Amino acid sequence: MNFNSKNRTTNLTLLIASFGFVSLILWNTNSFFKQFKEEERLKMEIWATAQSEFQQSSEDMDLGNLHLKVFQNNTSTPMILVNKDGSVKTNNMDKEKVSDSVYVQNQILKFQNENTPISIDQQGTHLATLYYGNSEVLNKLKYYPIALLLIIFLFAAVIFFFFKTNKASEQNKLWAGMAKETAHQIGTPLSSLLGWNELLKTENINPEITKEIAKDISRLETITERFSKIGSLPKLDTHDIVKETKDAYEYLKLRSSKLIEFSFASDVAELPVLLNHSLYNWTIENLVKNGIDAMKGKGSIHIEIISEGKQVHIQVSDTGHGIPKSDFQAIFNPGVTSKKRGWGLGLSLVKRIVEEYHKGKIKVLSSNKQGTVMQLTLKTLS
């Protein structure tokens, strides 16, 4: 079964269904708006008719309570009544502003755009013109679809980020599981190699051979320890950050090409920091190897330790091709790599080791065509 095709079909169905649901809500809201607007116009026509009869009535004519009820019940729709003699009467409008003729004229123009004016006539004679605007309820109803769409958008965003976070969490568990399983699988042949190397030492062979084998075995043990710590909270001990960094620097210097020029500097002789020895060395190793890859195996690597108050900055500089500023954050995401080989997990692991395990920070301090400076910051104990 093609699961990708099935997922695409499901997503397309959900998208179409969501679009149809939103369209139905908008159509229903628009229909309700039009119906409400028609009812308001009918109410205004009744008011205009009552006004016409009231103006034509004589003082001794008894009109009953109907006209009074019509006038009293209209408390929400703003209106301007312009009589044939030019006099103006307003209702349901700001009493402080209606004395301003300019304001009234502007409101008349506004009401004309909102609703068609009602001409009040009696037996062919024009008595007045009624201009009316939308009531407060109708104005609020206009923004209801926008508010509804905003709510739907926010709800969809919450669901999207929930599934995205959940997926990232599942991927992290998968990588952690793979790392631990790798460490477990390496452990068995590693134990066997230790035994074979001890056996070789008893034979009449060059001791330098067993010494080099022991170094490789030690290296494999370090790798196994690193992988076993992924996904679990490692133990942090007090270490001298200068010594730990210099040891990692010396190890990489001895095993790198002679075309790479290494240099090291520190403004302090020693500085105690809480860290995990194995994972910190892995961090420095990843940063240096990334720098070497960026230089294509030829250039300069400089490591510098700078003490600043309760913090220490470890800067790894290279003379590679640089990183675009737009990628300063993206390079720490899993799977992001500029190399043809590799899974793009190195800097992602470095970020996790520094920020999650050691509660520090890592960032691209600067980068251009002359090279890149990566900086990790840790808290000190002194």
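Helix α7 (residues 241–254) lies across β6, β8 (299–308), β9 and β11, and runs at about 170 degrees to β6. Contact here means heavy atoms within 4.5 Å, while axes are lines fitted to C-alpha atoms, for helices over the stretch in contact, with angles running from 0 to 180 degrees between N-to-C directions. Helices (H or I, at least four residues) and strands (E, at least two) are DSSP runs, numbered from the N terminus. The model is a predicted one, so to speak of local features takes a pLDDT of at least 70 and side-chain atom pairs count only at pLDDT 80 or more, whereas totals for chains, interfaces and linings use all residues. Residues are numbered from 1 along each chain as its sequence is written, and side-chain values use heavy atoms, with hydrogens and water left out.

The sheet under α7 is open and has five strands, in the order β6-β8-β9-β11-β10, with mixed pairing; two strands pair if DSSP finds at least two bridges between them. Because β6 (260–266) and β10 stand at the edges with a single partner strand each, one side of each is left without a neighbour in the sheet. From one strand to the next, the twist averages 15 degrees. Inside the sheet, strand β9 (residues 311–318) pairs with β11 in the antiparallel sense over eight bridges, and serine 317 has valine 373 in β11 as its bridge partner. On the other side of the pairing scheme, strand β10 (residues 361–368) is joined to strand β11 (residues 371–379) by seven bridges, again antiparallel. Lysine 361 has its bridge partner in β11 at threonine 377. With two residues between them, β10 and β11 make a hairpin. Helix α9 lies across this pair, at about 135 degrees to β10.

The other sheet to look at is open too, with four strands in the order β2-β1-β4-β3 and antiparallel pairing. Its edge strands, each pairing on one side only, are β2 (88–91) and β3 (118–122). Here the twist averages 20 degrees from one strand to the next. Helix α3 (residues 101–114) packs on this sheet, where it touches β1 (79–83), β2 and β4, and its direction makes about 105 degrees with that of β1. Five bridges hold β3 against strand β4 (residues 125–132), the two running antiparallel, and glutamine 122 stands opposite threonine 125 in β4.

Now for the interior. Buried residues, meaning those under 20% relative accessible area (exposed is over 50%, partly exposed in between; 1.4 Å probe, protein chains only), make up 32% of the 382 residues in the chain. A nonpolar core is a set of buried Ala, Val, Leu, Ile, Met, Phe, Trp, Tyr and Cys residues joined through side-chain atoms within 4.5 Å. The largest one has 33 residues, and Ile241, Ile284, Val288, Ile314, Leu376 and Leu378 have the most contacts inside it. Leaving aside residues up to four places away in sequence, isoleucine 241 touches Leu271, Val273, Leu275, Tyr280, Ile305, Val312, Ile314 and Leu378. A second, separate core of eleven residues includes Ala48, Ile118, Leu127 and Tyr132.

Charged side chains round off the picture. The structure holds eight salt bridges, each a side-chain nitrogen of Lys or Arg within 4 Å of a carboxyl oxygen of Asp or Glu. In one of them, glutamate 198 meets lysine 201 (3.3 Å, N to O); being three residues apart in helix α5 (residues 144–201), these two are separated by about one helical turn. Glutamate 198 is partly exposed at 46% relative accessibility, and lysine 201 is partly exposed with a relative accessible area of 46%. Lysine 215 and glutamate 212 also meet in a salt bridge (3.4 Å, N to O), both lying in helix α6 (residues 207–229), three residues apart. Another salt bridge links glutamate 356 to arginine 352, with the closest N and O atoms 3.3 Å apart; the two sit four residues apart in helix α9 (residues 346–357).

Glutamate 40, in helix α1 (residues 3–56), is a different case: buried, yet without a salt bridge, it has lysine 43 as its nearest side chain of opposite charge, 4.8 Å away. Lys and Arg count as positive and Asp and Glu as negative, with His and the chain ends not counted. Beyond residues up to four places away in sequence, glutamate 40 touches Thr77, Gly133, Asn134, Ser135 and Leu138.
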